[in-house]
Amino acid sequence: MNRLAAVVFDVDGTLVDSERDGHRVAFNAAFEEAGLPDRWDIPTYGRLLRITGGARRLASWFGSVGRSPDEAERLAKRLHGRKTAIMRELIEAGKIEARPGVHRLLDQLDAGGVPMHVATTGTRAWVEPLLDRVFGPRFQVVVTGTDVPDLKPSPAAYLEVLRRTGCPADRSVAVEDSQNGVRAAVAAGLRVVAVHNDYTHDDDLSGAELIAAGFEDPPLSAWFQQRV
Ligand code: XBP
Ligand code: MG
């Protein structure tokens, strides 16, 4: 009854600590290469994370620093393409790693025969190489921001995973790190376990059944143990 039909993982901030030392670094390198004065320090990037999707984040930023809407859109598109390529380089260089304890949870789910999937708002061009390099062939269905019309907190990515897998939402659990992610999964009807990080510990994660500080938290291990 309680046994999970599937576990659907978010990527950024959940499977990997990719934001502060990954995407942020790639965005700044793209600004620099383009000869732009913009730079995102750690707290500024934390505030910008409220806007999901790198291209939307860029467009909002360029608008906020006085660019016209047209120029903001144009620059965002160009910079995001380059940022995605730089992010791939960081992945190939081994700079993006699994959060502590993630591999152990994946092993536990594998041993229990629980299917694992991914629902992310990130771009497929870096998500695929990252999953391959850091996790190998663990995940059956991978839905990215490139594959759906709306990004989190829209439930679109989660609904697409459910559609492709046929898994019942109420027997599937999403693992998320942020308020936008928890809202997306809840809106799709999934149960949620939230594992916050340095950027999201003040987010409202109250839609989750369990809120943990990390994957090595004993309550998190116990929660999965009881349901695998
Ligand atoms: C992640 C995102 C992504 C990444 C950057 O949100 O919003 O936009 O920050 O990746 P979540 P892209 O963890 O909720 O999926 O630049 O490829 O968009
Ligand atoms: Mg996330």
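1. Leu151 sits in the loop that links strand 3 to helix 7 (156-165). The model is a predicted one. Setting aside residues up to four places away in sequence, Leu151 touches Thr52, Gly53, Arg56, Thr121 and Gly145. Val8 is 143 residues away from Leu151 along the chain, and the C-alpha atoms of the two are separated by 16 Å.

2. Helix 7 follows that loop. Its buried residues are Ala156, Ala157, Tyr158, Glu160, Val161 and Leu162. The cover over these buried residues includes strand 1, strand 2, strand 3 and strand 4, together with helix 8 (179-187). Just after helix 7 comes Gly166, which has a positive phi of about 70 degrees.

3. The sheet is open and has six strands in the order 3-2-1-4-5-6, with parallel pairing. Strand 3 (142-143) and strand 6 (210-212) are the edge strands, each pairing on one side only. At the strand 3 edge, two bridges connect strand 2 (residues 116-119) with strand 3, and the two run parallel. Ala119 has Val143 as its bridge partner in strand 3. Helix 9 (residues 218-225) packs on the sheet and touches strand 1 (6-9), strand 4, strand 5 and strand 6. The direction of helix 9 makes about 155 degrees with that of strand 5.

4. Strand 5 (residues 191-195) deserves a separate entry, with five of its five residues buried. In a regular strand, side chains alternate between the two faces of the sheet. Here Arg191, Val193 and Val195 point one way, while Val192 and Ala194 point the other way, and all are buried. Arg191 is thus listed among the buried residues of strand 5. The pairing of strand 5 with strand 4 (residues 172-176) is parallel and consists of four bridges. Within it, Glu176 has Ala194 of strand 5 as its bridge partner.

5. Turning to the helices, helix 1 (residues 19-33) and helix 4 (residues 69-92) have axes that come within 8 Å and cross at roughly 125 degrees. An angle over 145 degrees would count as roughly antiparallel and one of 65 to 115 as roughly perpendicular, so helix 1 and helix 4 are oblique to each other. Their crossing is right-handed. Helix 1 contributes Gly22, His23, Val25, Ala26, Phe27, Ala29, Ala30, Phe31 and Glu33 to the contact, and helix 4 contributes Leu79, His80, Arg82, Lys83, Ile86, Met87 and Leu90. By class, the residues of this contact are ten nonpolar, three polar and three charged.

6. Helix 4 also packs against helix 3 (residues 54-64): the axes come within 8 Å and cross at roughly 140 degrees. Helix 3 and helix 4 are therefore oblique as well, and this crossing too is right-handed. On the helix 3 side the contact is made by Gly54, Ala55, Leu58, Ala59, Phe62 and Gly63; on the helix 4 side it is made by Ala72, Glu73, Leu75, Ala76, Leu79 and His80. These residues divide into eight nonpolar, three polar and one charged.

7. Two residues of helix 4 recur in these lists. Leu79 and His80 take part in the contact with helix 1, and Leu79 and His80 are also named in the contact with helix 3.

Notes: Residues are numbered from 1 along each chain as its sequence is written. Chains are lettered from A and ligands numbered from 1 in the order in which they are written. This is a predicted model: local features need pLDDT of at least 70, side-chain atom pairs count only at pLDDT 80 or more; totals for chains, interfaces and linings use all residues. Side-chain values use heavy atoms; hydrogens and water are left out. Axes are lines fitted to C-alpha atoms, for helices over the stretch in contact, and angles run from 0 to 180 degrees between N-to-C directions. Angles under 35 degrees count as roughly parallel, over 145 as roughly antiparallel, 65 to 115 as roughly perpendicular and the rest as oblique. A crossing is left-handed if the near helix is turned anticlockwise from the far one by less than a right angle, and right-handed if clockwise. Contact means heavy atoms within 4.5 Å. Ala, Val, Leu, Ile, Met, Phe, Trp, Tyr, Cys and Pro count as nonpolar, Asp, Glu, Lys and Arg as charged, and the others, Gly among them, as polar. Buried means under 20% relative accessible area, exposed over 50%, partly exposed in between (1.4 Å probe, protein chains only). Two strands pair if DSSP finds at least two bridges between them.
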